[in-house]
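Work through the exercises below with the sequence and the 3D structure at hand. Try each task before reading its solution.

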Amino acid sequence: MVCLYSSASKVGSETGMFLRRLWTLRRRYCSGRLLLLGFAVCLFYQTLMVARSRFKGDPPAADERNKSTMTEALEVFDELLQDPARLISTLEALERDRYGSIQNQAGRVTQAVVLTGQHVAADTEVQLFQRILEQRGYEVSLSRYAETNTALRHDNGGSVEWSLLLCLRGSEKSCLRRVSFSHLQPHQRVNMIPGLVGAFSDVDGLCRFQTDSRLSGLALHINPSACGSARTKLGYVRDVAQGDWNPAIPTLNLVSPGLVATVTVYVLVTSVTPLTTFLHHTGLVRTSEDTDSHTTQLKPFLLQQLGPVASHEALDHVKEVIGQVLRAAALTNEEPSSRHSWCLLCFQLMTFTLQFSGSLLPVIVKAETDLHFDGLRDPGFDGQITKEFILEDALLFLLPAHSGQARQKSPSHTETDDGQRFGGCGGPYGLCLPEHQTLLLLQFLRQLWTPGPFELLYPAASPERSPIQDILFRSFPRAEESGSGRHFSALLDRICSHYTEQRNQTYRTNEAETQTGWDQHSGSQDLPGDRERCVDPHLRQLYTDPPLTLSPPFSPWVKDYRAEVPFDVVTLRLRPEPISPACHIHLDEHRGPRTANYPVGLGNSIINILVTDESAATEPVVMTIYTLHMYRESRPSLPMFGEHVMCGFVQDCGLVVQPDQPCGLEPLPGPLSPGEPHSPKRPCTSGDVPGRWVVPCLSCADNRTCDWREVAWQPEGCYHPLLDLPQLQDCMMYRKVMFIGDSTNRGMMYFLMERVNSSLEDWGKAHDSLIYRNVNQGHTHVSYSYYPQFWLEQSHRPTFQRALEQLILRSRPLENSRQTVLVAGGVQWLNTNHLRIMREVLGREGLQDIMVVVKSLGMGFHLPVDGIRSLSLRGVQELYRENSNIITAAKHHGYEVIDTFSVTMGRYKEFLQGQCACHFHEVEKLPFSKAPLHRKMKLLRHGEEPGTGTSGTGTGYSDQPTLQHQDQWGGSNSSTYHVRGAVNQVYSQILLSRLCVRDTGN
């Protein structure tokens, strides 16, 4: 009975008195069976009460042994706090032992699950995760959501176990539904902490800290305006003056002018219990002088703005303000009953926007549980690049390498006897700590010694605890649970202090060595050859906007890629990023830009990416060349199989050059023009007759229903005759044609040569002078002079007068009649002054009676392309008015005019390769077995039905010659070049019709 009594001491005094009376009266009233029954009842009651106490989870009442364990743990913490160097050495030995055991597991597969959500597998962000994880030894599994991934399904029987789960944007809710964070294994990681997501992502946001009574009196540095005006109107925001919320924040005034800026920082939370966070060195800043934020490194920015002392203090305040809010969020959002309440190695990337208002102490304006770059001028492109840099840094920071890399030892490392013990505990290394605390210590220590671009934010390196921390611990007593959580936090603080001391000592040593080295080489200079060499000349990623699907998928070791873009994509922004910052990137040439907007012409385009080494004082050395082959699709076309309507357009609604005129497709009446029952029967009398593009469609309301293969240029009330080959050759017999202008003028020249010869056997991108004497079997002379030579300095450029005089000189002898032709013009350099100079030069040279054809201005330079001028919409509209003035002046001088601006205006998107987006032609090389067939002369043919391409007597729209004409234009099998480009063919054919106007009867 003594044993029974002692074991039942927790039951109460009434139970003890009952037992004593029962013992006294046992002989008088009770039999042995009754006595045994009483003992059984008491024993059952005692067991029930103990079980109840354990069920309630009250450790002191559950078991006296917990008190003993707690006491031993506190003694261990005290011992660890006294000798942090010894603890760190022990942890390093344990880390090496764990790493060695991992390396010894042959065939060990570590699986990582990436839930892509809104992303596709070709996105650069998904490719980044795959590349880094595979480098770290993970086997990567991609799925859209958690419900579709085998490793995350609850019914898979545990056959597949993952180690890392990354939930990308759009898959977060799926992760929260399917993953039980409180039942994760110690080695499993997830890139989200549900407690923080719940604390900052609800509708209240930062306002939730206002309404929590446990935070009353805390001076959390949060801008009240972060709650929004809506809540203020509803009366939810307390009056700051009453002291209930965020009492007056002390302002640390600076010497004028102080810091006034908005700073966005990126924080990595690696643990919540205890709280450990790190600050990335990259941030966004926007001062009062900036209209947009820009990326920068925080320390250099603060140093430049504030100086060495104040910048250090300001950065400390940034860390303190964010750390306090994170601590409050973690404590106020803890819910023991939640399935997401605890996750050992989960981590969370967060964005904090802070406001400096003339002081060193910022206030938090916004907190977000993801990486955001809204303040940048182009958050979709520049923000994505910065985001991926931070993501890569975070993965390398968090995930230990699974390769054969040697483990780095801390500066304070000393060889430690593996048999040492703390507090007399047994087991490996005798730490006497629970497994989860040991793992957290190992992770925390590894991150301290290899921070990379991160630095510790919380806990602070200072051993002193702030008043806010003391208030939080008093307001949230549960922070003392889990085996002395406060003491474990104190242990982390002590490790931080020891780490700071060691780091400062190492810094002072390195500084002294650097100073000694500087003294020894004080006479030397920082020569260009002393710069760091490019030893790894590869790209880490190729960023494009819009995103491209590369074939094959990007890899630093693959040099050639292909990609296709739809018709409506006219520009591509390209930014390659090298693996090594010592390597330089140039696009297309040695001194080309690192990032640029490219115009994407129809068909094929090539972009070369040069990785160069510029460590030497000489020219950059090209180490690696990546090539991107682009293909831009033609305008989507729907073949005509049945009835259709004819639609016409003058200008595209994407670029309205004439605001007073309609844009886009409009239905055309049956006759070509009012009052005309049939197709126009008379040839045009000039090359500048107004016109429009016509195309057959199922509906003029939807340009996707049109057959764009049949689009044709239709002058108003007339047509430009198409000459067959004998007519054209006869027209050009014994004529000399001089061209002066830019590459668009040159394109017309090559078209003429190919049509007259039925082939083009010689071609070149000349930027000087050319003379061809083999045209039309030697009976036609063609010469060319490039103007203006814009690449030369202004003082060294030949004037228009000088270029024209030299062209005339090289083309002599010339006849002062229409047998001599001068074709002048280009994209946008021509003006009325050039026409005056041309008339004066021709008069002096005795050529006033020759035929002059003015090629007017054309579309180009209308896209935002780097390195060249770019016209705004207003600039294009002014160009249209200038083109009208040129046409008027040219006709006043008696010159022929080809209005190329009106022809190119409606099809400005159909340019071919070239920076200016002004080339509507391209010369391509053909095999000997292929002849250049001019199948589509995109002009109205008199007397043909729409889209038939055959001769007839009815009306209609046709851009094709008859079959007989095609055969005559087909050329010989010896042709090696062909001028392609539907728009160029139209205005070049108009040129031919004006040159041969006497042969066409007008």
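**Exercise 1. Find how many salt bridges the whole structure holds, and describe the one between R575 and D382.**

Solution. Step 1: apply the criterion, which asks for a side-chain nitrogen of Lys or Arg within 4 Å of a carboxyl oxygen of Asp or Glu. A search of the whole structure gives 27 salt bridges. This is a predicted model, in which local features need pLDDT of at least 70, side-chain atom pairs count only at pLDDT 80 or more, and totals for chains, interfaces and linings use all residues. Residues are numbered from 1 along each chain as its sequence is written, and side-chain values use heavy atoms, with hydrogens and water left out.

Step 2: take the pair. The side chains of R575 and D382 meet at 3.9 Å, N to O. The bridge links distant parts of the chain, with R575 in strand β13 (residues 571-578) and D382 in helix α15 (residues 382-398), 193 residues apart. Helices (H or I, at least four residues) and strands (E, at least two) are DSSP runs numbered from the N terminus.

Step 3: check exposure. Buried means under 20% relative accessible area, exposed over 50%, and partly exposed in between (1.4 Å probe, protein chains only). R575, at 24%, is partly exposed.

**Exercise 2. Examine two further salt bridges, E840 with R836 and R907 with E910, and state whether their residues are buried or partly exposed.**

Solution. Step 1: E840 and R836 meet at 2.9 Å, N to O. Both lie in helix α22, 4 residues apart, about one turn of the helix. An α-helix has 3.6 residues a turn, so residues three or four places apart point the same way.

Step 2: E840 has a relative accessibility of 38% and is partly exposed. R836 is partly exposed too, at 40%.

Step 3: R907 and E910 meet at 2.6 Å, N to O. R907 is buried at 4%, and E910 is buried at 11%.

Step 4: look for shared partners. One network of salt bridges joins D378, D382, R573, R575, E577 and R594.

**Exercise 3. Give the strand order of the open sheet that contains β13, and say which helix packs on the sheet.**

Solution. Step 1: two strands pair if DSSP finds at least two bridges between them. The sheet has 3 strands in the order β11-β13-β15, with antiparallel pairing.

Step 2: find the edges. β11 (539-545) and β15 (596-599) each have a single partner strand, so one side of each has no neighbour in the sheet. From one strand to the next, the twist averages 30 degrees.

Step 3: inspect one pairing. β11 and β13 are joined by 6 bridges, and D545 stands opposite R573 in β13.

Step 4: add the helix. α15 packs on the sheet and touches β11 and β13, and its direction makes about 155 degrees with that of β11. Axes are lines fitted to C-alpha atoms, for helices over the stretch in contact, and angles run from 0 to 180 degrees between N-to-C directions.

**Exercise 4. Which elements do the buried residues of α23 pack against?**

Solution. Step 1: α23 (residues 873-892) has 20 residues and reaches 29 Å from first C-alpha to last, close to the expected 28 Å. The expected span is 1.5 Å times one less than the number of residues.

Step 2: its buried residues include V876, L879, I886 and A890.

Step 3: the buried residues of α23 pack against α22 (832-844), β26 (851-855), β27 (896-898) and α24 (900-905).

Methods:
Contact = heavy atoms within 4.5 Å.
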